[in-house]
Amino acid sequence: MRSDCHQHLWPPAFVDALRRRDTFPYLREWTLYLAGEDPYEVDPAAHDVGRRRDREIAEGTGRVLVSLSSPLGIEHGPGHDLIDVWHESALELPDPFHVWAAAGVTEPDPSGLARLLRVDRVAGLQLPATALGDPDAIAHVSPLLSELERAGKPLLVHPGPAPAGESGMPGWWPALVPYVAQMHRSWMAWHLGGRERHPRLRIGFVALAGLAPLHHERLTARGGAFTVDPFVFYETSSYRAGAITALSRVVGESAIVHGSDRPYAQPLDPAVFPSALFTTNARRFLTGQP
């Protein structure tokens, strides 16, 4: 079964909840307003559940993991109302859609997460990279990570919100500058203060961790240490052959898993890229099975 480990799809109830808001993040019709980005015109077809489902079936994808869009900043906000709407509505999506759980990071609720992780359609937990930016931050969310370890389910690290006040930059700026920097920083922080706390947790970094492993020579030259961690995976969203090949040479091809970031990017062609990215590597990441 081919898997896509990273997509975004907003169910109608979640769209309605964003439209009822008067503070960031919020929707006005299909225009999205975020604190750190210019208004973004959302394509309604991108969140048409029936159309998206038909497309995945036509392409032969057997499992699609959808997640809350962490750049919205919801996990950092007060209260869990939008997170609750996300879980209730996303868990009603039809196959092949499965769900990454979300969690508030200001006041973590590990018991609530534990209940969610018992649901078969919940693959694991996604957290924003902005909640994992240094060892102290990892310690703060460690109760959530402990529940993941107990459940035997993985963590997906996704870019969080862009810094407020950076609006007015080109449309590509958030994806190329703060998002990549967040992924790079969270990867470094995990190796510095995460693995020791959670020795068996499987963790996946979207967007190839901002290509952080490619800096391993500079890391060791400046006194750090680098070893390939068999429980760390790298999701491919937006990247193609050049970056994937370069990273594979450092961390091994078995650590690379396919994720498209649809609707913001398109899936890799399974006829061109190694089948393991879509199948066996994804299965190891999601289930721990060899």
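Is Ala-207 buried or exposed? In this predicted model, Ala-207 counts as buried, because its relative accessibility is 16% and the cut-off for buried is under 20%. This briefing covers the backbone features of Ala-207 and Glu-29, followed by two cis peptide bonds. Most residues other than glycine have a negative phi, and most peptide bonds are trans.

**Positive phi at non-glycine residues**

- Although Ala-207 is not a glycine, its phi is positive, at about 55°.
- Ala-207 lies in the loop that runs between strand S9 (203–205) and helix H8 (216–221).
- Glu-29 likewise is not a glycine and has a positive phi of about 55°.
- The loop between S2 and strand S3 (31–34) holds Glu-29.
- Glu-29 counts as exposed, because its relative accessibility is 60% and the cut-off for exposed is over 50%.
- In summary, Ala-207 is buried, whereas Glu-29 is exposed.

**Cis peptide bonds**

- Phe-24 and Pro-25 are joined by a cis peptide bond, with omega at about -10°.
- Pro-25 belongs to the loop between helix H1 (12–19) and strand S2 (26–28).
- A cis peptide bond also leads from Arg-262 to Pro-263, where omega is near 15°.
- Pro-263 is located in the loop between strand S11 (256–257) and helix H10 (280–287).

**Features around strand S2**

- Strand S2 (26–28) bounds the loop that contains Pro-25, and S2 also bounds the loop that contains Glu-29.
- The cis bond of Pro-25 and the positive phi of Glu-29 are thus found in loops that adjoin S2.

Methods:
Residues are numbered from 1 along each chain as its sequence is written. This is a predicted model: local features need pLDDT of at least 70, side-chain atom pairs count only at pLDDT 80 or more; totals for chains, interfaces and linings use all residues. Side-chain values use heavy atoms; hydrogens and water are left out. Helices (H or I, at least four residues) and strands (E, at least two) are DSSP runs, numbered from the N terminus. Buried means under 20% relative accessible area, exposed over 50%, partly exposed in between (1.4 Å probe, protein chains only).
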